[in-house]
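This report describes selected local features of a predicted model. It treats a helix and its surroundings, and then two individual residues.

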Amino acid sequence: NIGQAFEKVFVDAAIHGLIDGNTRSFGIYYDDPQSVPQEQLRSVACISAPAHTAAADNGMTTLSLPGGRCATVLHKGSYAELEKPYSWLFGSWLPTSGEEAGNFPPFEEYLNDPKTTPPGELLTRIYCFLTN
């Protein structure tokens, strides 16, 4: 249901004047869909907002991404195909890289608008925090 959550976030943010040409959107994924039943998966739909922005009384909260080193993968294609770059990142690259995943969940940044971009042209950057 992350798509519905994003719709709500964008509507609420627009009402509060938080959408502009610099707005970025992120999805944070707390669970592995390969090991957690679909109905128990937890995720959060987010947009960037100015640092002084306070949470509104509409169920939205503020969240700050931690700083630090990240491994990233840029995926071009449908959101339905995102399993492939995740499998490569966590199943191939990370185990052989000498790196370890940090203790913040992986997250995605959506680099173009799914309402105006064909599925095969969607760009998604996947981030994995690394321990120092």
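## Helix α1 and its surroundings

Helix α1 covers residues 2-15; at 1.5 Å a residue, its 14 residues should span 20 Å, and the end C-alpha atoms are indeed 20 Å apart, in agreement with that expectation. The buried residues of this helix are Phe6, Val9, Asp12 and Ala13. Viewed down the axis of α1, these buried residues fall within an arc of 135 degrees and therefore line one face of the helix. An α-helix has 3.6 residues a turn, so residues three or four places apart point the same way. The face of α1 turned away from the buried side carries the exposed residues Gln4 and Ile15. The cover over the buried residues of α1 includes β1, β2 and β4 (107-110). Just after α1, glycine 17 adopts a positive phi of about 70 degrees.

## Two residues compared

The relative accessible areas of two residues are tabulated here.

| Residue | Relative accessible area | Class |
|---|---|---|
| Serine 25 | 11% | buried |
| Tyrosine 30 | 33% | partly exposed |

Serine 25 lies in strand β1. Serine 25 is classed as buried because its relative accessible area of 11% is under the 20% limit. Leaving aside neighbours within four places in sequence, serine 25 is in contact with Phe6, Phe10, Cys46, Ile47, Glu108, Glu109 and Tyr110.

Tyrosine 30 is located in the loop between β1 (25-29) and β2 (43-47). Together with Leu63 and Leu65, Tyr30 forms a nonpolar patch on the surface, and the three have about 250 Å² of accessible area together.

Terms used
Residues numbered from 1 in each chain as written. Predicted model: local features only at pLDDT ≥ 70, side-chain atom pairs only at ≥ 80, totals over all residues. Heavy atoms only, no water. Patch = residues over 30% accessible without salt bridge, like charges linked within 9 Å, V, L, I, M, F, W, Y side chains within 5 Å. Areas by Shrake-Rupley, 256 points an atom, 1.4 Å probe, with all protein chains shown as cover. Salt bridge = Lys/Arg side-chain N within 4 Å of Asp/Glu carboxyl O. Helix = DSSP H or I, 4+ residues; strand = E, 2+ residues; numbered from the N terminus. Buried < 20%, exposed > 50% of the residue type's maximum accessible area, 1.4 Å probe, protein only. Expected span 1.5 Å × (residues − 1). Arc of directions from axis to C-beta. Contact = heavy atoms within 4.5 Å.
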